[in-house]
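Q: Got a minute to look at some aromatic rings with me? Let me pull the model up.

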Amino acid sequence: MTTVTDPSQRILELAAVLDFRAATPLAEGLLALRGTALTIDTSRVERIGGQCLQVLLSAKQTWSADDTALSFTNLTPTFIEGLRLLGIAEADFTREEMSE
């Protein structure tokens with residue numbers, strides 16, 4: 001997982017394998033970015049597990065509660081299939097979250 005910092009936009013690039021070992025670093029990385037508008041890039045994801053999915057869903061809720069923009073970009077077919085297998089719709093990750 002890498003973070004690219006641009007003054008106008010923060011992008012968090014997810015790791016290729018989002019298994020249980022990646023959950024804690026992912027949560028910590030997201031926590032460090034809390035309060036900033038964020039785009040999460042899923043272009044490298046080859047596998048996603050339940051723990052990392054929980055972290056990402058929690059981030060969606062947190063950013064929404066904080067009234068901060070959060071979006072997901074470059075959803076790969078593998079990422080989308082992983083979501084589907086875990087019972088989550090692709091649409092939940094393609095619309096930008098921003099509280100009103």
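Q: Start with phenylalanine 93: buried or exposed?
A: Buried, at 0% relative accessibility. The cut-offs are under 20% relative accessible area for buried, over 50% for exposed and partly exposed in between, with a 1.4 Å probe and protein chains only.

Q: Which ring pairs with phenylalanine 93 at 5.8 Å between centres?
A: That's phenylalanine 79, with the planes at 85 degrees, so the pair is edge-to-face. Rings of Phe, Tyr and Trp (its six-membered ring) pair if their centres lie within 6.5 Å; planes under 30 degrees apart are stacked, over 60 edge-to-face, the rest tilted.

Q: And where do those two sit?
A: Phenylalanine 79 is in helix H3 (residues 77-85) and phenylalanine 93 in helix H4, so the pair ties together parts 14 residues apart in sequence. Helices (H or I, at least four residues) and strands (E, at least two) are DSSP runs numbered from the N terminus.

Q: Before I go on, what kind of model is this?
A: It's predicted: local features need pLDDT of at least 70, side-chain atom pairs count only at pLDDT 80 or more, and totals for chains, interfaces and linings use all residues. Residues are numbered from 1 along each chain as its sequence is written, and side-chain values use heavy atoms, leaving out hydrogens and water.

Q: OK, how many aromatic pairs by that ring rule?
A: The count is 2. In the pair of phenylalanine 72 and phenylalanine 93, the centres are 4.6 Å apart and the planes at 80 degrees, so this one is edge-to-face.

Q: Which residues end up in the cluster?
A: Phe72, Phe79 and Phe93, linked by ring pairs.
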